[in-house]
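Hi everyone, thanks for making the time today. I'd like to walk you through a structure that may be new to you, so let's put it up on the screen.

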Amino acid sequence: MRHGSQLDPANRFESTRLDREWDDLEWDDEYRRAVESRKIDYLADESQTIVTQNNSPDLPFRYSINPYRGCAHGCSYCYARNTHEYLGMNAGLDFETKILVKHDAPRLLREFLARDSFQCEPLTFSGVTDCYQPAEREFQLTRQCLAVASECHVPISIVTKNALVVRDLDLLAGMASRQLASVFISITSLDAQLARVMEPRTSIPAARLRVVEALSSAGVPVGVMIAPVVPGLNDHEIPALVKAARDAGACDARYLLLRLPLTVEPVFREWLARTQPTKQAKVESFLRQVRDGRLNSAKFGERHTGTGELATQIGNMFRVFHKQQAFAGMPALDTTQFCPATPKSGQRWLF
């Protein structure tokens, strides 16, 4: 099984950790493969809420839904990896192989939408981990939540890099016809080989572009998110990615610079050294140039775009080719049609 990480980094909240000693197992390839190629475990998540709120000025949404915690896509750069540490797990292999499943997500969403205090705003699916990761094939929680949102006429937006989103084209097209749905497809590279090692268990770039075409043809507003842009690795692909997005029928394209918060940094750097050894020094040097000498910045207003001359060059290049393609822009979603849900219990919330 392919993994983006081969690390079990220390959990920053724990005072002790286990380090494997490989000296006595140097010739035991079978054991080593078993350790480094783990099966995916799906664990029940009994959270009593499904909708989270954020107040970040960098994010264009307030409410988000994540039916799963952890992500089997195994993307080496995923900024959400360190969230697994809150669960007593690690940001490396645990994040990719121990996936928490919120089986009650549809019920919890219905109850949230029944609250008198909810003033309708768009709900974003995949604010943290991808709602169409492999677990969705089995559990179909995203589809069930979409059905609840459609019933209540609450607008939704989705960010995903998995072609599985096309399975729900019936729901999305119906909602889009009422101005209640939009989708962003994340495409990091057009190089299938690079994408396979960066994002080992998700759809290849060509398949994601076909998803853009399918959504666009069905009348679902769709954009392409070039994320993350890794200076020295895939930033040169921006012109081609922007053109491919427009050719496939995207309404818009956007980009985000690589972020390496907390424990994500050692995971990405291990992946970089292992899979891109000839580019490692250049990439790390460029990252420091766009992060004021560090490998990461959490400062609002700059964490998604970086600072300095190189970051400015990347931003200018994106804007030039974005303007050249004359995107129509993503249409606004309609919040005026909202109809509060009635919980399965029949009892409405008082607050």
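Let me start with a question: at what angle do helix H3 and H5 pack, and how far apart are their axes? Helix H3 covers residues 105-113, and the angle between H3 and H5 is about 25°, with the two axes 8 Å apart. That makes H3 roughly parallel to H5, since angles under 35 degrees count that way. The crossing of H3 past H5 is right-handed.

Before I go further, please keep in mind that this is a predicted model.

So who is touching whom here? On the H3 side, the contact is made by Ala 105, Pro 106, Leu 109, Arg 110 and Leu 113. On the H5 side, you can find Leu 141, Gln 144, Cys 145, Val 148, Glu 151 and Cys 152. Sorted by class, the contact of H3 with H5 holds 8 nonpolar, 1 polar and 2 charged residues.

Now stay with H5, residues 141-152, and look at another partner, helix H6, which covers residues 169-176. The axes of H5 and H6 come within 10 Å and cross at roughly 25°. That makes H5 roughly parallel to H6. The handedness of this crossing is left-handed, whereas H3 passes H5 in a right-handed one. From H5, the residues involved are Arg 143, Leu 146, Ala 147, Ala 149 and Ser 150. They meet Asp 170, Leu 171, Leu 172 and Met 175 in H6. By class, the contact of H5 with H6 has 6 nonpolar, 1 polar and 2 charged residues.

Let's step back and take in the whole protein. How many helices and strands does the protein have? There are 12 helices and 10 strands. The C-alpha trace spans about 60 × 50 × 35 Å along its principal axes. With 351 residues, a compact globule would be expected to have a radius of gyration near 20 Å, and the protein has 21 Å, which agrees.

On to the strands, then. One open sheet has 7 strands, in the order S2-S3-S6-S7-S8-S9-S10, and its pairing is mixed. At the edges you will find strand S2 (51-53) and strand S10 (252-257), each pairing on one side only. Direction ignored, neighbouring strands of this sheet are turned by 25° against each other on average.

Inside that order, have a look at strand S7, residues 156-160, and strand S8, residues 181-186. S7 and S8 pair in the parallel sense over 5 bridges. If you want a spot to click on, Ile 156 stands opposite Ala 181 in S8. Lying across S8 and strand S9 (222-229) is helix H8, residues 205-217, which runs at about 165° to S8.

Strand S9 has a detail I'd like to point out. Pro 228 is placed in S9, and a cis peptide bond with omega of about -5° joins Ala 227 to Pro 228. Another backbone detail is at Gln 179, in the loop between H6 and S8. Gln 179 has a phi near 60°, a positive value in a residue other than glycine.

There is also an open sheet of 3 strands, with the order S1-S5-S4 and mixed pairing. Strand S1 (41-44) and strand S4 (68-69) stand at the edges with a single partner strand each, so one side of each has no neighbour in the sheet. S1 pairs with strand S5, residues 98-101, in the parallel sense over 4 bridges. Within that pairing, Tyr 42 stands opposite Ile 99 in S5.

My last stop is a helix pair further along the chain. Helix H10 (residues 264-275) and helix H11 (residues 280-290) pack at an angle of about 145°, with their axes 9 Å apart. H10 brings Phe 268, Arg 269, Leu 272 and Ala 273 to the contact, while H11 brings Gln 280, Val 283, Glu 284, Leu 287 and Arg 288. By class, that gives 5 nonpolar, 1 polar and 3 charged residues.

That's my tour, and thanks for listening!

Key. Residues numbered from 1 in each chain as written. Predicted model: local features only at pLDDT ≥ 70, side-chain atom pairs only at ≥ 80, totals over all residues. Heavy atoms only, no water. Pairing = 2+ DSSP bridges. Helix = DSSP H or I, 4+ residues; strand = E, 2+ residues; numbered from the N terminus. Axes fitted to C-alpha atoms, helices over the stretch in contact; angles between N-to-C directions. Parallel < 35°, antiparallel > 145°, perpendicular 65-115°, else oblique. Left-handed = near helix turned anticlockwise from the far one by under 90°. Contact = heavy atoms within 4.5 Å. Nonpolar A, V, L, I, M, F, W, Y, C, P; charged D, E, K, R; others polar. Rg over C-alpha atoms; globule rule 2.2 N^0.38 Å.
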